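Colleague: I would like a close look at one strand and the strands beside it. Please give the cut-offs as you go.

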Amino acid sequence: MYRIARSLELSGLVYNDTKGVTIELQGKEEKSAQFLFRLQSSPDKPPLAQIRSCDVVDIPVIEDEKDFVIEVSDSEGTALSEVTADIATCQDCLREMADKKDFRYHYPFINCTNCGPRYSIVKTIPYDRPNTTMSVFAMCDKCAAQYNDVTDRRFHAQPVACPTCGPKVWLTDNKGNNIKTRTDEAISEAARMLLAGKIVTIKGVGGFHLAVDALNDKAVKRLRERKRRDHKPFAMMTDAIEKIREYAVVSELAEQVLKSPQSPIVLLPKKADAAIAPSVASGVNTFGFMLCYAPLHYLLFAQNIKVLVMTSGNIADEPLICKNQIALERLGGVADAFLMHNRDIYRQVDDSVVHFIAEELVLVRRARGYVPTPIFMEESCRQDIFAAGGDLKNTFCFAKQSQPATRLAGQVICSEHIGDLEDAQVYHHYINSIEHLQKLFEVEPKVVACDLHPGYLSTQYALSLPGLRAISVQHHWAHIASVLVEHGITGPVIGLACDGTGYGTDGAIWGCECLIASLEGFERFGHLAYYPLAGADKASKEAIRPVLGLLKKTYGDDFELNDFGWLLEKIEAGADKKTKIDKRKSKIILEQLEKRINTIDTSSLGRVFDAVAAMVGLGSYNHFEAQLPMALEAIVEEGIEDYYDFELICEASKPLQLNLRKTIKGIITDIQEELPAGVISAKFHNCLAAALLEMAKAARKKTKLDTVAISGGVFCNRYLTNRLVSLLKKNDFHVLFNRDVPANDGGISLGQAAIAAHSVNKES
Ligand SMILES: [Zn+2]
Ligand SMILES: [Zn+2]
């Protein structure tokens, strides 16, 4: 603004306060019009600036005003947007880094106002260097001159540094003994080791990565063994789009997203003959790729590296590590060497993951690059609210009380992906993160929103907070509410929420729901007919449990295990050694179902996916969440329009019920007739899309609503979601889905916050 105002010879001032940015301008009318235009358009608009709204008012002429000045920010409270996300290295910095004459030539921590770390290095507000992990590095004269020059690209870039004054890189062995201490030598030795098949831990922006050559299957397998991650696909990194194109299909939109300042992992369709090591990503039809996003990555790839597996530096599902010493202790048994640096990471932030639904960018994991950018609610918010989220793929959020003088409505700060709270370390990290973000964004919640599930750790934590009013929100209602917030509406809509598990108002486990929902409340219009599921916690891992539950539901009292010996054999044949099931175990489960011992009723669609995947021989165990459903999606044969039969059953004063008896029977017949698994999978997916469409039509008939909001983990399935969205549109529905927050449980905290905000507003 300063630069534009000066160049247009306008006088006035600019400052930040809680309302955002205030600019006072004085000068010729056409020049101030030009100012407004240039403010909102490139090349003058900084790449990271987003103008949400701009109010213009006339004020009286101010005498004796000659210059345009930057005023000290109003200290009455802090602007929410002060702490921004970590941003990938910009083109200007890359150019300088490659320029031998530049004093930051080959410097692995080059950054500027338009790029570099932010959120991951901030300890407290205000966002000034002393409050970041850069405080230990005193700027040299050259850096300080740029930092203080308002016309410079590094004006007030808090992490600014150079080889003389800034952080350094070195390489150690897995005991922490130095191998190389000079930057260029450390990087080239790390590259040499990677190319030789070694595992190298690389310290990055929001944590450590375990890296290995993605073209070397032996090396990738070794990483899997050591990391104790047998199955989950690994993400990869390269330094150029052209390299990604060798292995995966990159659409125009995907290219834009890969190159965006957020630089997420993008899930891309695999190319059939890709030379990527098979053990990088088996059982899925996509590769997760990201481009280099830190200067250090670029310098490493410049050493003839083609493509690396870059997976989070943690063991199994533990939280990310951010301290050098802990990395050595925890990962010393995994990695052969450590490419370290001494710019401390204050907050660990995972890489974000995105994919595309109906040709729109959709987040699957919201973390680096996107957090803590606020999400705006259409409604204002009368009190600060904390939403605790759920227990799986947890995120939490804070809704900030709206400032009366601003046009901005409620701002919600969502945490990055925290993880599964049942891991004690993740739970600990959850509590710490809540406290940190609460301070960072100066929120003082009066209300807490949480899931309805009394057994959730997040619920128990929320209810234990002293002096806060608690609002429990049904899981699937929160899913649908998250879609409403994102699209700036309050409802009612027809909500289709499909996932693995959510506690229902009747004590059953819900998971395929048609809700007539608004932020005010919801009515359960329809659902998948309940089927019995034995074994509580084990049921989400062992597919034999939903298989037997669904068979029991389908064949009723006529069900004889002996008639299905062939099916059990087929399931066993697809199972890996560690997770074999036997007849004896199946008998015990069946007995449990019959006597209803440790058995619950469920409408979970996720478990139906597990069962079908197992029946067609894709495995019998979810080693990670949704492994079997993803495997089932991966084999869908394209171009099939056929689908299995299903029934919608309408009983008086009961919700509409989707019964899959005929579907299961159809699948059994097809398996017996040895139809290819890819065809069965397609017919199954198509059946669900058709059934959900019919459910929505029935809801429209009754309510006259024609907007459908879809959410829930099942809609991370691209084939199903694309098909459903297109069917709904063809049938004149207006379709809304999550984009800014994940459709999986990573999105429910936003929905909880919106429902709580609405409830509070209504009262006051
Ligand atoms: Zn830059
Ligand atoms: Zn310097």
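Over how many bridges do strand β21 (residues 493-503) and β22 pair, and is the sense parallel or antiparallel?

Modeller: This is a predicted model, in which local features need pLDDT of at least 70 and side-chain atom pairs count only at pLDDT 80 or more, while totals for chains, interfaces and linings use all residues. Residues are numbered from 1 along each chain as its sequence is written, chains are lettered from A and ligands numbered from 1 in the order in which they are written, and side-chain values use heavy atoms, with hydrogens and water left out.

β21 and β22 pair over 8 bridges, in the antiparallel sense. Strands are DSSP runs of E with at least two residues, helices are runs of H or I with at least four, and both are numbered from the N terminus. Two strands pair if DSSP finds at least two bridges between them. One of the bridges joins G502 to W510, which lies in β22. The two strands form a hairpin with 5 residues between them. In that turn, G507 has a positive phi of about 85°.

On to the next strand along the chain. β22 is joined to β23 (residues 522-528) by 5 bridges, and these two strands also run antiparallel. Here E513 has H527 in β23 as its bridge partner. Again the connection is a hairpin, this one through 4 residues.

Strand β22 spans residues 509-517, and 9 of its 9 residues are buried, so the rest of the structure largely encloses it. Buried means under 20% relative accessible area, with a 1.4 Å probe and protein chains only.

Buried residues also occur at a metal site elsewhere in the model. The zinc ion (ligand 2) has C140, C143, C162 and C165 as its protein donors, each through SG, at 2.2 to 2.4 Å. Donors are N, O and S atoms within 2.8 Å of the metal (3.2 Å for Na, K and Ca). Along the chain these donors follow the spacing C-x2-C-x18-C-x2-C. C140 sits in the loop between α3 (91-97) and α4 (141-148), and C162, 22 residues apart from it, in the loop between α4 and β4 (169-173). Both C140 and C162 are buried. The 4 donor atoms subtend angles of 102 to 114° around the zinc ion, so the arrangement is tetrahedral. Four donors count as tetrahedral if all angles lie between 85 and 135 degrees.

Technical notes. Tetrahedral: all angles 85-135°; square planar, octahedral: opposite > 155°, others 65-115°. Buried < 20%, exposed > 50% of the residue type's maximum accessible area, 1.4 Å probe, protein only.
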